[in-house]
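This report goes through one protein model, from its overall features to two single residues. The sequence and structure are shown first.

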Amino acid sequence: MVGPAASEEHPSMKVNIFSAGVAACLADVVTFPLDTAKVRLQIQGEFPTTIKYKGVLGTITTVAKTEGPVKLYSGLPAGLQKQISSASLRIGLYEFVQEYFTSDSQEPPSLGSKISAGLTTGGVAVLIGQPTEVVKVRLQAQSHLHGIKPRYTGTYNAYRIIATTESFRSLWKGTTPNMLRSIIINCTELVTYDLMKGALVRNQILADDVPCHLLSALVAGFCTTLLSSPVDVVKTRFINSTPGQYVSVPSCAMTMFTKEGPTAFFKGFVPAFLRLSSWNVVMFVCFEQLKRELMKSRQTVDCAT
């Protein structure tokens, strides 16, 4: 997300938000089975079950064999709603908020400006998109193999049941850990990608094109997964919990630590890394290319008129 060359027109806010939303949805469709595997591994050990998941491929294979391949995409509508409502804003507004925090417009944004922009857009995105996260996680986690009747039959059924049987506020359950997770992910993901891309282009190692975007996205994916994993696991457990199961977020974290040990906070790390890295690659590459194509189309229209 390094600034464009002098000869290029800066993408408008609408172009950025639209490109980010479309790219995030494409990335979600491609990587959703990995996200489902991550959720299943994160909640494993919380409830007694005869099904044991082992590894990424093992979890995906087990779910596909025992519950059907479609189950790997359970919660996808809520996932796409999440990308449209939150990812489009946290990614699409990043550059503009970054400019706002930059005191001198003639100077490149400082690390502090980048981090401040990541904190701001990440926090706003969670407040808007938290209900979609709650529904997505619960649909991914539920399985008829646990010996209980599934809580929800679909996305909109989940929204309705959560709001009516628990409370409307329950749609924002887990906002605190998800806010912390989103801030960590947004700052690490966007700032690392920004810095990596800038270093590669500035030092003329790679041109500002697909190979550069791909490498920057992979590095950002690894750093983000490493820092966000403990918060992500607690967030998943707390959001998926039944009313009264955990008194608070710290209670959830302490229960995990005492019952399962510190390694519980890194459950699902491999699928989380594979999912986040592949998500980053698809999203950032599509985001950059889509912005360029939209800007080219806009310039062509301007020239024609």
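## Charge and surface

In this predicted model, the protein carries 29 positive and 21 negative charges, and the mean positions of the two sets lie 13 Å apart. The accessible surface amounts to about 14100 Å². Carbon and sulfur atoms make up 68% of that surface.

## Fold and dimensions

The protein has 10 helices and zero strands. Read from the N terminus, the order of elements is α-α-α-α-α-α-α-α-α-α.

The C-alpha trace spans about 65 × 40 × 35 Å along its principal axes. The radius of gyration is 20 Å, and a compact globule of 305 residues would have a value near 19 Å, so the protein agrees with that expectation.

Of the 305 residues, 51% count as buried. Among contacts with a separation of 6 or more, 78% are between residues 24 or more positions apart.

## Arginine 138

Where does arginine 138 sit? Arginine 138 belongs to helix 5, which covers residues 111–141. Its relative accessible area is 0%, and because buried means under 20%, arginine 138 counts as buried.

Which side chain forms a polar contact of 2.7 Å with the side chain of arginine 138? The partner is glutamate 166. The side chain of arginine 138 also reaches a backbone atom, the oxygen of isoleucine 239, at 3.0 Å.

Both partners recur in the list of residues in contact with arginine 138 once neighbours within four places in sequence are left aside. That list consists of Arg151, Tyr152, Ile162, Glu166, Lys173, Ile239, Asn240 and Ser241.

## Proline 230

Proline 230 lies in helix 8, made up of residues 210–240. Is proline 230 buried or partly exposed? With a relative accessibility of 24%, proline 230 counts as partly exposed, because that class lies between the limits of 20% and 50%.

Not counting residues up to four places away in sequence, proline 230 touches Phe265 and Phe266. Lysine 267 is 37 residues from proline 230 along the chain, and the C-alpha atoms of these two residues are separated by 8.4 Å.

## Summary of the two sites

Arginine 138, in helix 5, is buried and has a polar contact with glutamate 166. Proline 230, in helix 8, is partly exposed and has contacts with Phe265 and Phe266.

Definitions and conventions. Residues numbered from 1 in each chain as written. Predicted model: local features only at pLDDT ≥ 70, side-chain atom pairs only at ≥ 80, totals over all residues. Heavy atoms only, no water. Helix = DSSP H or I, 4+ residues; strand = E, 2+ residues; numbered from the N terminus. Rg over C-alpha atoms; globule rule 2.2 N^0.38 Å. Buried < 20%, exposed > 50% of the residue type's maximum accessible area, 1.4 Å probe, protein only. Contact = heavy atoms within 4.5 Å. Areas by Shrake-Rupley, 256 points an atom, 1.4 Å probe, with all protein chains shown as cover. Lys, Arg positive; Asp, Glu negative; His and termini not counted. Charge placed at Lys NZ, Arg CZ, Asp CG, Glu CD. Polar contact = N/O pair within 3.5 Å; in protein donor to acceptor, adjacent residues only side chain to side chain.
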